[in-house]
Amino acid sequence: MNEELYATALKNALVEIKNVCPSVKKAFILLDNSTIVAGDEQAVDPSVKRAINSLQSLAEKAVTVGGLNDLLIDGDKGKVYVSQVNGMYSVMTLSKGADLPFLRTVTGIILPTILKVLNSMSPETTLPTPLKSAPIVPRKQFRPAPSKPPVKEEAVEETVEKPEKIEEIEAPKSLEIPKAKIETETKAETEVEFPKPVTDLPSQQLIVDKFGGLMVRADTVQLDLEILERWSSLLNVKEIREVDIATFNGKAIRCKAKAISDEKFEERGLIRIPEKTCEALQLKRGELVRVKPVVPEE
Amino acid sequence: MPIKKKVPQVETAEQIDWSPKAEVKEQITDLRTVLDKIKTRKGVIGYILRASTSAAVDIKDPSKIIDYAALSASALESTESLSEAFELGKLNNIVVEGRDLKILLLTIGEHRISVFMEKNMDHNSIYKELT
């Protein structure tokens, strides 16, 4: 079975859902490689693509609440219902008075059943375009954009996690062969490179303090020496030269990091950020930010 | 005899009518009172109340504040673009459901509210209480 057949099967499923639930106006399925499968011959216009991209970023951030399962937007003129089905997302626009519990039941039965059938027919080719370097994994959550630089180390981390994810989704028995393959592949990968993978980067919430001046570099922030030292010993690196800063508004930036030079500001849980950078991040003095160290690539 | 110059009268800060701002402040206080009451309910984890220039956050686990704030900002941004793409009109409420928690997001006037709660909570009752 090839990609086309896979997409056709899902398209037909969406058409059937629309037949059963007339309140569904438009329906898409978002595959885990960001491919959009439309329910019928409807065009996926650029605004929809943009919306889907933002949905993807939401799915990444939703890790905080255990991953995005459902999203319901209730507007004056209609609703949008997004539901996670075996690692993919079905996106449906509904009329105002749609019977949501009924739709949930229908989609909760039809889509997983079809996916299960497709997988059991040909487990190795179920993903339309399997991601490079990744073993064939039938379904999984959106892949979070790597916010941290240690690409190689993350790859190690990811490969270790994959077998767990497969267990979670109750794959049919026929999937066990690729699972074994995955295990051997992951073993091979982990053996090759880094001896000590970084499992979780430490992070800290710090209070923003602005500073400025003629000789101030906009790309360098100041933190407590103690925090920098703690991170470098935790991560087993010589020193932390860069940090990732995430703001309350969801903005993020990478800056060079230095120890606080002025004694007055030491050991107060502050991060001193140059005014220009604060402006760029729309930060005010006293706001909280999350700061993560960047592991230097050596 | 020295000539007295007539200084043009400038409207001072005291003369400016501040009443709309006071109204906004009052609205925030009202919302906060309601939200504080909601937060006492079993299963409610906390809330974020944002206005254009201020924000109030009350989350039980302070270490999650930034994550929750980023998630709620991302949810609002995402729903805005979805609403634009699918022409949903004015948004009433948004519910983001994760495996562990769910979030009710809504906009009242210029205030954006995110209420974080456990999955089994009835978000409709909270929505009704807020509107």
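Two strands pair if DSSP finds at least two bridges between them. Helices (H or I, at least four residues) and strands (E, at least two) are DSSP runs, numbered from the N terminus. This is a predicted model: local features need pLDDT of at least 70, side-chain atom pairs count only at pLDDT 80 or more, and totals for chains, interfaces and linings use all residues. Residues are numbered from 1 along each chain as its sequence is written, with chains lettered from A and ligands numbered from 1 in the order in which they are written.

**Stop 1: across the two chains**

Select A:Ile73 and B:Ile94. A:Ile73 stands opposite B:Ile94 in β3(B). Now widen the selection to the two strands. β3 of chain A covers residues 68-75, and seven bridges join this strand to β3(B). The two run antiparallel.

Next, select the whole contact. Two residues are in contact if their C-beta atoms, placed from the backbone, lie within 7 Å. How many residues does the contact take from each chain? Chain B gives 37 residues and chain A gives 36 residues. On the chain B side, the elements that give two or more residues are α2 (65-85), β3 (91-98) and β4 (101-108). Color α2(B) separately: the largest share of this side, 18 residues, comes from that helix. By residue type, the chain B side divides into 18 nonpolar, 10 polar and nine charged. Here Ala, Val, Leu, Ile, Met, Phe, Trp, Tyr, Cys and Pro count as nonpolar, Asp, Glu, Lys and Arg as charged, and the others, Gly among them, as polar.

**Stop 2: chain B**

Hide chain A. Chain B has three helices and five strands. Its pattern along the sequence is α-β-β-α-β-β-β-α. Of its 131 residues, 33% count as buried. A residue is buried if 20 or more other C-beta atoms lie within 10 Å of its own, exposed if 12 or fewer, and partly exposed in between, with C-beta atoms placed from the backbone. Among contacts in chain B between residues at least 6 apart in sequence, 42% join residues at least 24 apart.

Select β5(B), residues 111-118. Six of its eight residues are buried, so the strand is mostly covered. Which strand pairs with β5(B) over six bridges? It is β1(B), residues 44-50, in the antiparallel sense. Find B:Leu49 there; its bridge partner in β5(B) is B:Ile113.

β4(B) also pairs with β5(B), antiparallel, over eight bridges. Pick B:Thr107 and look across to its bridge partner in β5(B), B:Arg112. β4(B) and β5(B) form a hairpin with two residues between them. Zoom in on B:Gly109 in the turn, where phi is positive, about 60°.

**Stop 3: helix α2 of chain A**

Bring chain A back. This chain has seven helices and 11 strands. Buried residues make up 33% of its 298 residues. Among contacts in chain A between residues at least 6 apart in sequence, 70% join residues at least 24 apart.

Select α2(A), residues 46-61. The expected span of a helix is 1.5 Å times one less than its number of residues. For the 16 residues of α2(A) that gives 22 Å, and the end C-alpha atoms are 23 Å apart, which agrees. The buried residues are A:Val48, A:Ala51, A:Ile52, A:Leu55, A:Leu58, A:Ala59 and A:Lys61. Look down the axis: these buried residues fall within an arc of 170° (taken from the directions from the helix axis to the C-beta atoms), so they line one face of the helix. On the other side, A:Pro46 and A:Lys49 are exposed.

Move on to A:Gly67, in the loop between α2 and β3 of chain A. A:Gly67 counts as partly exposed because it has 17 C-beta neighbours inside 10 Å. Draw a distance to A:Gln84, 17 residues apart along the chain: the C-alpha atoms are separated by 9.4 Å.

**Stop 4: strands and loops further along chain A**

Select β9(A), residues 252-259. β7(A), residues 220-223, pairs with β9(A) in the parallel sense over four bridges. A:Leu223 stands opposite A:Ala259. β8(A) is joined to β9(A) by five bridges and runs antiparallel to it. There, A:Val243 stands opposite A:Cys255. The hairpin of β8(A) and β9(A) has five residues between the strands, and A:Gly250 takes a positive phi near 85°.

Finish with two loop residues. A:Asn236 lies between α6 (225-234) and β8 (242-246). Its phi is near 60°, a positive value in a residue other than glycine. A:Asn236 counts as exposed, with 9 C-beta neighbours inside 10 Å. A:Gln282 lies in the loop between α7 (275-281) and β11 (288-294). Phi of A:Gln282 is near 55°, again positive in a residue other than glycine. Is A:Gln282 buried or exposed? With 11 other C-beta atoms within 10 Å, A:Gln282 is exposed.
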